[in-house]
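Me: I'd like a close look at one part of this protein, and then at how that part fits in with its surroundings. Here is what I'm looking at.
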Amino acid sequence: MENSFLKRKQEILKFNSAMEELNLRKRYETTVPKEIPDDLIVKCPGCQKFIIKDNFILDHKVCPYCNYHGRLTAKERLIDVMDMGYTELFTKIHERYLDFPDYENKLDKAKHDTKEDESVTCVVGKIDGVSCCVGVMDSFFMMGSMGSVTGERITRLIEYAGERNLPLILFTTSGGARMQEGIISLFQMAKTSEALARYREKNLYIAVLTDPTTGGVSASFASLADITIAEPNALIGFAGKRVIEKTIKETLPKEFQTAEFLLDKGYIDMISDRKDLKKTLAHLLRLHNYR
Ligand SMILES: [Zn+2]
């Protein structure tokens, strides 16, 4: 038993040093090296280094070399931040109002690829023992775009939390309003903002902005929190950088629309590494007397 454990440990150490060497040697190559099966490693989009997949997942999908924070699915985020035993809410809300060409097919593909049924998942549960309502957007579902179902679920979650005096945490990641739903997707900005205004008279709302938070989501509930946290290097903004540069005919700084730039300008309150996020959220909730 002990021998096989030692043998396994030696194998891992050998594998790790081989990875280190590969990273030095092949840092600028774009393909997975042949020596290692490609289902075992991932390439960091930040620094282009190879990372052992299992380690990347255990490290909350954060690169150990450059602290690049990879995008999480809604399920991964919930597992990362919630205690076991949370309950998913409003799963029966599905109705859509517009019959935009090819929309149904796009939705079916997103559902098939992500195993989710919308770009937001709403739950009630606990974070480090503190009860709260949590909504998590998923950028892998039609780029986290906000349609009528997304807006309706978030609004209901806000009302659900308000009725029970529970704190609310929304994890945002979105390309903006869902163009296939036209003006109805834009209605969701007003609807969620109005519900939040009522909720916040008595309760605490924390937004966690993750990469990327843009468009209609950044211009509504992502910007209305009592406490706004962002993940390192997250892209946060309304319109794209190139569009703004062409409109105002000026060159914008390189770090424009990053979490760090926005912290400096006072738009967000803090940046939290993903590994510290659960503790930070629980601490903030306890500070505000939630148990
Ligand atoms: Zn990296």
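How many of the eight residues of strand β5 (residues 130-137) are buried? Please take it from there, strand by strand.

Reply: Quick housekeeping to start. This is a predicted model, so local features need pLDDT of at least 70 and side-chain atom pairs count only at pLDDT 80 or more, while totals for chains, interfaces and linings use all residues. Residues are numbered from 1 along each chain as its sequence is written.

Now your strand. Six of the eight residues of β5 are buried, so to speak of it as mostly covered is fair. Buried here is a neighbour count: 20 or more other C-beta atoms within 10 Å of the residue's own, with 12 or fewer called exposed, anything in between called partly exposed, and the C-beta atoms placed from the backbone. Strands are DSSP runs of E with at least two residues, helices are runs of H or I with at least four, and both are numbered from the N terminus.

Cys132 is a good residue to zoom in on, as it lies in β5. It counts as buried because it has 22 C-beta neighbours inside 10 Å. Setting aside residues up to four places away in sequence, Cys132 touches Ile127, Leu166, Pro167, Ile169, Leu285 and Tyr290. A contact means that the two C-beta atoms, placed from the backbone, lie within 7 Å. One of those partners, Leu166, is 34 residues away along the chain, yet its C-alpha atom is 5.3 Å from that of Cys132.

On to the strands that pair with β5. Pairing means that DSSP finds at least two bridges between two strands. Strand β4 (residues 120-127) runs antiparallel to β5, with eight bridges joining them. Within that pair, Ser131 of β5 sits opposite Lys126. The two strands make a hairpin with two residues between them, and Asp128 in the turn has a positive phi of about 50 degrees.

With strand β6 (residues 168-174) the arrangement is parallel, and four bridges join it to β5. Here Val134 has Ile169 of β6 as its bridge partner. To get from β5 to β6 the chain passes through helix α5 (residues 148-163), giving a right-handed β-α-β crossover. Right-handed means that, with the strands pointing away from you, the path from the first strand over the helix to the second runs clockwise. The loop between β5 and α5 holds Met143, a residue other than glycine with a positive phi near 55 degrees. Met143 counts as partly exposed because it has 17 C-beta neighbours inside 10 Å.

Zooming out, β5 belongs to an open sheet of seven strands with mixed pairing, in the order β3-β4-β5-β6-β7-β8-β9. Its edges are β3 (87-89) and β9 (270-271), each of which pairs on one side only. Following the sheet past β6, you reach strand β7 (residues 205-213), parallel to β6 over six bridges. Ile169 turns up again here, with Ile206 of β7 as its bridge partner. β7 in turn pairs in the parallel sense with strand β8 (residues 227-230) over four bridges, and Ile206 stands opposite Ile227 of β8. Two bridges then join β8 to β9, also in the parallel sense. One oddity to look for in β7 is Pro212: the peptide bond leading to it from Asp211 is cis, with omega near -15 degrees.

What about the packing around these strands? The largest nonpolar core has 47 residues, and Leu168 and Ile206 touch the most other members. A nonpolar core is a set of buried Ala, Val, Leu, Ile, Met, Phe, Trp, Tyr and Cys residues joined through C-beta atoms within 7 Å. Beyond its neighbours within four places in sequence, Leu168 is in contact with Cys133, Ile158, Ala161, Tyr199, Asn203 and Tyr205.

Your strand also helps to cover a helix. Helix α3 (residues 74-81) has Ala74, Arg77 and Val81 as its buried residues. Seen down the helix axis they fall within an arc of 65 degrees, so they line one face of α3; that arc is taken from the directions from the axis to the C-beta atoms. β5 is among the elements covering those buried residues, along with β4, β6 and α10 (274-287). For contrast, go and look at helix α8 (residues 241-248), which is hardly covered: zero of its eight residues are buried.
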